[in-house]
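Here is a friendly walk through one protein model. Take a look at it first, and then we'll go through its parts together.

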Amino acid sequence: MTRIGSRPPSNGSCGAEGFAGDRGGKTGVMAEQRVFVERVHDEVRAARHSDGEADLPPGRRFLVDRLWPRGVSKDSLAETVWVKEVAPSDELRRWFGHDPDRFAEFAERYRAELEERPEVLEPLLEAARKGPVTLLYAAKDTEHNHALVLRDHLREVLSSQAGGN
């Protein structure tokens, strides 16, 4: 995990208090509200054209790509944590090649990789237990990418952990 910068806790209504613990059996809904995805280029563009943080994604932000996104300066993601360890393996990434026809099998293989290395999820899970997180990715395809698979996997893990408490 590479820490690019630090970010103060959110002052909004989605702070840590709003997501901690079981809320009367609604933890599945809460888990869905904790993990978001956004293209990194969209965030950088919004930050450049915004006076405040109103247009930025909610909560702590994590770059979940193995490679640094082209055309994005490290300064523009100063408040983002880079967790490249959570990205698909180079072999799987190359096999997928962003081919939508391979997405279902890619998702299965990626989930298997995540299940083999649950420790790489800890920074994301820890942050999501405290409040909302946004997973940033660089892929152009917003419907067939690893960040969506990762988001769903994190939501499932959070829901199962909340149900077991």
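The protein chain has six helices and five strands. If you read along the sequence, they come in the pattern β-α-β-α-β-β-α-α-α-β-α. Keep in mind that this is a predicted model, so let's start with confidence.

**How sure is the model?**

The average pLDDT of the protein chain is 81, and 73% of the residues score at least 70. Confidence is highest in H4, at 98, and lowest in strand E1 (residues 2-3), at a mean of 48. Over residues 3-29 the pLDDT is below 50, though this stretch still has 42 contacts in the model beyond near neighbours in sequence. Where pLDDT is low, the predicted coordinates should not be read in detail.

**The chain as a whole**

Of the 165 residues in the protein chain, 42% count as buried. About 9,100 Å² is exposed, and carbon and sulfur atoms supply 48% of that. Now for the contacts: taking those between residues at least 6 apart in sequence, 70% join residues at least 24 apart.

**What sits inside**

In soluble globular proteins, nonpolar side chains tend to be buried together. Here, the largest nonpolar core holds 29 residues, and Val86 and Leu150 are the ones that touch the most other members. Which elements give two or more residues to this core? They are H3, H4, helix H5 (122-130), strand E5 (133-137) and helix H6 (146-164). H6 gives the most, with six residues.

Leu150 is a good place to zoom in. Leaving aside its neighbours within four places in sequence, Leu150 is in contact with Val64, Val86, Tyr110, Leu114, Leu121, Leu124 and Leu135. There is also a second, separate core of eight residues, including Val44, Leu63, Leu77 and Ala138.

**One helix face, and a link across the sequence**

In H5, the buried residues are Leu124, Leu125, Ala127 and Ala128. Seen down the axis of H5, these buried residues fall within an arc of 165 degrees, so they line one face of the helix. The spacing fits a general rule: an α-helix has 3.6 residues a turn, so residues three or four places apart point the same way.

Leu125 also turns up in a pairing with Val157. The two are 32 residues apart in sequence, yet their C-alpha atoms are 8.3 Å apart in space. Val157 belongs to helix H6. Why does Val157 count as buried? Its relative accessibility is 18%, and the cut-off for buried is under 20%.

**Some residues to look up**

Here are a few individual residues, with where they are found and how accessible they are.

| Residue | Where it is found | Relative accessible area |
|---|---|---|
| Arg39 | strand E2 (residues 35-39) | 16%, buried |
| Ser89 | loop between strand E4 (80-82) and H3 | 22%, partly exposed |
| His98 | loop between helix H3 (90-96) and helix H4 (103-116) | 46%, partly exposed |
| Asn145 | loop between E5 and H6 | 0%, buried |

Start with Arg39. Its side chain reaches the backbone oxygen of Ala139 at 2.9 Å. Not counting neighbours within four places in sequence, Arg39 is in contact with Tyr137, Ala138, Ala139, Lys140 and Thr142.

What does the side chain of Asn145 reach? One partner is the backbone nitrogen of Ala147, at 3.0 Å. Another is the backbone nitrogen of Leu148, at 3.2 Å. Setting aside neighbours within four places in sequence, Asn145 is in contact with Phe103, Phe106, Tyr137 and Ala139. Tyr137 and Ala139 are therefore contacts of Asn145, a residue that is buried, and both are in contact with Arg39 too.

Ser89 touches Arg66 and Glu113, not counting residues up to four places away in sequence. Ser89 and Glu113 are 24 residues apart along the chain, and their C-alpha atoms are separated by 8.0 Å.

Finally, have a look at the backbone of His98. Its phi is near 60 degrees, a positive value in a residue other than glycine. His98 is partly exposed, with a relative accessible area of 46%.

Conventions
Residues numbered from 1 in each chain as written. Predicted model: local features only at pLDDT ≥ 70, side-chain atom pairs only at ≥ 80, totals over all residues. Heavy atoms only, no water. Helix = DSSP H or I, 4+ residues; strand = E, 2+ residues; numbered from the N terminus. Buried < 20%, exposed > 50% of the residue type's maximum accessible area, 1.4 Å probe, protein only. Polar contact = N/O pair within 3.5 Å; in protein donor to acceptor, adjacent residues only side chain to side chain. Contact = heavy atoms within 4.5 Å. Core = buried A, V, L, I, M, F, W, Y, C linked by side-chain atoms within 4.5 Å. Areas by Shrake-Rupley, 256 points an atom, 1.4 Å probe, with all protein chains shown as cover. pLDDT = per-residue confidence, 0-100. Arc of directions from axis to C-beta.
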